[in-house]
Structure formats: structure tokens, C-alpha cells
Amino acid sequence: STMEAYVFPVFGDVPIADVTTCNVLDALTPIWYEKPETARRVLQRIGLKRKMRHTMLRIGSEHTRYIH
């Protein structure tokens with residue numbers, strides 16, 4: 001998957017809640033000009049994961065630790 005190829009090697013074990021703009025830029029910069037569509041999709045997936053975690057925290061779900 002694109003997350004496994006481009007994001008996880010850069011983010012390492014950083015929980016999605018602790019991902020910074022710098023982490024995202026580090027993951028996307030190498031592919032932004034060579035594969036812009038892939039970079040856009042990866043950025044969208046990162047955003048969706050962050051929204052999902054935020055929502056689960058708001059509803060008090062104990063499963064938030066599984067979202068990476």
C-alpha cells in the first residue's frame with residue numbers, strides 16, 4: 001500500500017495523534033513532483049486517519065490506540 005511504502009517508514013512508531021506537519025512533509029516531499037497523484041492520495045489518507053482518531057476520542061472509544 002502507499003501508506004506502507006511512503007508513510008510508515010517516515011513516521012515510524014509515532015502515533016497518528018502526534019504526527020506533525022514536518023512528519024507529513026518528510027513523507028510527501030520525495031514523491032510530490034514525481035508522483036503528484038499518489039502524494040495527494042497519501043495526504044488524504046493521513047487526514048482521514050487523523051479525523052477518525054479525533055472522532056473516536058470524542059466518543060470515548062477505547063480502541064483509539066489501534067489507529068496508527
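A search of the whole predicted model finds two salt bridges. Side chains of opposite charge can pair when their charged atoms come close. In one of these pairs, E37 is joined to R40, and the closest N and O atoms lie 2.5 Å apart. In the other, R41 forms a salt bridge with E37, with 3.2 Å between the closest N and O atoms. E37, R40 and R41 are thereby linked in a network of salt bridges.

The spacing of these residues along helix α3 accounts for their arrangement. E37 and R40 are separated by about one helical turn, because they stand three residues apart in helix α3. R41 and E37 are four residues apart in helix α3, so about one helical turn separates this pair as well. The accessibility of each member of the network was also computed. E37 has a relative accessible area of 37%, and is therefore classed as partly exposed. For R40 the relative accessible area is 40%, so this residue is likewise partly exposed. R41 counts as partly exposed because its relative accessibility is 42%.

Helix α3 also takes part in a packing arrangement with helix α1. Two packed helices are described by the angle between their axes and the distance between the axes. Helix α1, which comprises residues 2–11, packs with α3 at an angle of about 65 degrees, and the axes of the two helices are 10 Å apart. The crossing in which α1 passes α3 is right-handed. On the side of α1, the residues in contact are T2, M3, Y6, V7 and F11. Their counterparts in α3 are T38, V42, R45, I46 and K49.

A further feature is found on the surface. W32, Y33 and L43 form a nonpolar patch there, and together these three residues have about 380 Å² of accessible area. Within this patch, Y33 is placed in the loop between α2, which spans residues 21–28, and α3, which spans residues 36–59. Y33 counts as exposed because its relative accessibility is 76%, a value that lies over the limit of 50% used for exposed residues.

Helix α3 thus recurs in the description: E37 and R40 lie in this helix, R41 and E37 are four residues apart within it, and α3 packs with α1.

Definitions and conventions. Residues numbered from 1 in each chain as written. Predicted model: local features only at pLDDT ≥ 70, side-chain atom pairs only at ≥ 80, totals over all residues. Heavy atoms only, no water. Patch = residues over 30% accessible without salt bridge, like charges linked within 9 Å, V, L, I, M, F, W, Y side chains within 5 Å. Areas by Shrake-Rupley, 256 points an atom, 1.4 Å probe, with all protein chains shown as cover. Salt bridge = Lys/Arg side-chain N within 4 Å of Asp/Glu carboxyl O. Buried < 20%, exposed > 50% of the residue type's maximum accessible area, 1.4 Å probe, protein only. Axes fitted to C-alpha atoms, helices over the stretch in contact; angles between N-to-C directions. Left-handed = near helix turned anticlockwise from the far one by under 90°. Contact = heavy atoms within 4.5 Å.
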